[in-house]
Amino acid sequence: MSSRNPYLQFAWDSTVPGEDELEMTNNALGIRSQSPSGLVSDFPIVALLALTVSIDRQAVFYKIKLGSPPKEYNVQIDTGSDILWITCSACSDCPQTSGLGIQLNLYDSGSSATAGLISCLDPICSSAVQTSVTECSESNQCSYTFQYGDGSGTSGYYVSDALYFDMIMGQSFMANSSAAIVFGCSTYQSGDLTKTDKAVDGIFGFGQGALSVISQLSYRGIIPKVFSHCLKGDGNGGGILVLGEILEPSIVYSPLVPSQPHYNLYLQSIAVNGQHLPIDPIAFTTSNSRGTIVDSGTTLTYLVEEAYDPFVSTITSVVSQSVTPLISKGNQCYLVSNSLAEVFPPVSLNFAAGASMVLRPEEYLLHNGFVDGAAMWCIGFQKVQGGVTILGDLVLKDKIVVYDLARQRLGWANYDCSLSVNVSVTSSKDEFINAGQLSESNSSGDMLFKLLTTGVVVLLLHILVLVDIHLL
């Protein structure tokens, strides 16, 4: 930490998280988008995040580098929250080991030459950011408390430090670039965050709020205001996460519900084998207590009771002549001797603007072992008594999913996530990166980056995806 400036004056008003707040962030951190010559850039600055993915079915995390000198941290991906936080060295009761086979690293602002604390004089300390509560500590540090939907939580204080990435500016590739970001230094954790079996160094929120890293970096022109992911659903895992828009002709888009802290969509109906289920439309109404959320930080998928019951009964009715239905640990399951595609029907989640998400059986069922030689598959959707439907990794796998914050829409398409993807950012010419090599094309007005799921290093942060999909 710099001894000359231990606290950053960080102007903020989080009640309306938008460009005004981000401009204050930018000014406070002293960051400007520049060309290699040091002049303010008039052309797009492109920084795309390509993350190598593997799956061990327990959590979703990847590596980032923070501080000076840079140090690696394993953080969990969560599109349902905004804040990036890392476990701090001052945390005495936080997990020291992880059952995921990774080494846990503690963040120490005192060992980083680029670190700075956020002062209590900053307006952020008198306002809330999404579901976090800020306050002033006795040591003049801006502290926070954040609680997740599963009841787990973290508290600590805000710091600023360098985040490292590889970046393309115009036609130039720059490795080991960095930008100052504000994030949480966690000194206390509760709930599932204290368990060592799935412990990581922190959580990387990809929400829409002004304090999220994607909002901080996109405002400065370092990345586009869009990110995408494509996660493989087979046993070997794999996939890619990109700060940028993945291009695929079959992608369909549906508008995001405005003025919501999460990625809410207008879910309108559910169909099984082309037949709409008898669900009261009010079950999907968006309000303070109802709605449909897309959340990569949730492993399974949760349906409100009004939709869950007709969904399960319809699936059971359709397949009952070909499988043996049974209840296992309170879950509707089926003993299946044939392939799933031969027995189970497609399911369609229908959203506003005519966008449908068609689910294969593997995207709404979970394999749960064998009984007398027959495979037991169980409904992977979980029933919730409340009014919020959550679409988690179970339905998001084997798809390109695009979170287009600039246009306030979310898109998806079925895709083999072991294949390469194209990522577009507006520019005057086409450029392709294929396994780290640059070449040019003049066929259109977009800049295209050919990203391979292995060996791609444009804003590289090395993702590891471990998704635990099982029934209790």
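**Disulfides and a hairpin, by the numbers**

Q: Why is the disulfide of Cys 333 and Cys 378 called right-handed?
A: The torsion about their S-S bond is about 100°, so this disulfide is right-handed. The pair also bridges two strands: Cys 333 sits in β22 (residues 331–336) and Cys 378 in β26 (residues 374–379), so parts that are 45 residues apart in sequence are tied together. Helices (H or I, at least four residues) and strands (E, at least two) are DSSP runs, numbered from the N terminus.

Q: What kind of model is this, and what was counted?
A: This is a predicted model, in which local features need pLDDT of at least 70 and side-chain atom pairs count only at pLDDT 80 or more, while totals for chains, interfaces and linings use all residues. Residues are numbered from 1 along each chain as its sequence is written, and side-chain values use heavy atoms, with hydrogens and water left out.

Q: How do you know that Cys 333 and Cys 378 form a disulfide?
A: A disulfide is a pair of cysteine sulfur atoms within 2.5 Å. Here the S to S distance is 2.0 Å, so the pair meets that rule. By this rule the count comes to 4 disulfides.

Q: What makes Cys 333 and Cys 378 buried or exposed?
A: Buried means under 20% relative accessible area, exposed over 50%, and partly exposed in between (1.4 Å probe, protein chains only). Cys 333 has a relative accessible area of 0%, so it is buried. Cys 378 is likewise buried, with a relative accessible area of 0%.

Q: What shows that Cys 230 and Cys 417 form a disulfide, and which hand does it have?
A: Their sulfur atoms are 1.9 Å apart, and the pair forms a disulfide. The torsion about the S-S bond is about -80°, so this link is left-handed. Cys 230 lies in strand β12 (residues 226–231) and Cys 417 in the loop between β30 (409–414) and β31 (421–426), so the disulfide joins parts that are 187 residues apart in sequence. Both Cys 230 and Cys 417 are buried.

Q: What about Cys 91 and Cys 94?
A: A disulfide joins them, with S to S at 1.7 Å. With 70° about the S-S bond, the link is right-handed. Cys 91 has a relative accessible area of 5%, so it is buried; Cys 94, also at 5%, is buried too.

Q: How do you know that β21 and β22 pair?
A: Two strands pair if DSSP finds at least two bridges between them. For β21 (residues 324–328) and β22 there are 5 bridges, and the strands run antiparallel. Pro 325 stands opposite Tyr 334 in β22. The two strands form a hairpin with 2 residues between them, and Lys 329 in the turn has a positive phi of about 55°.
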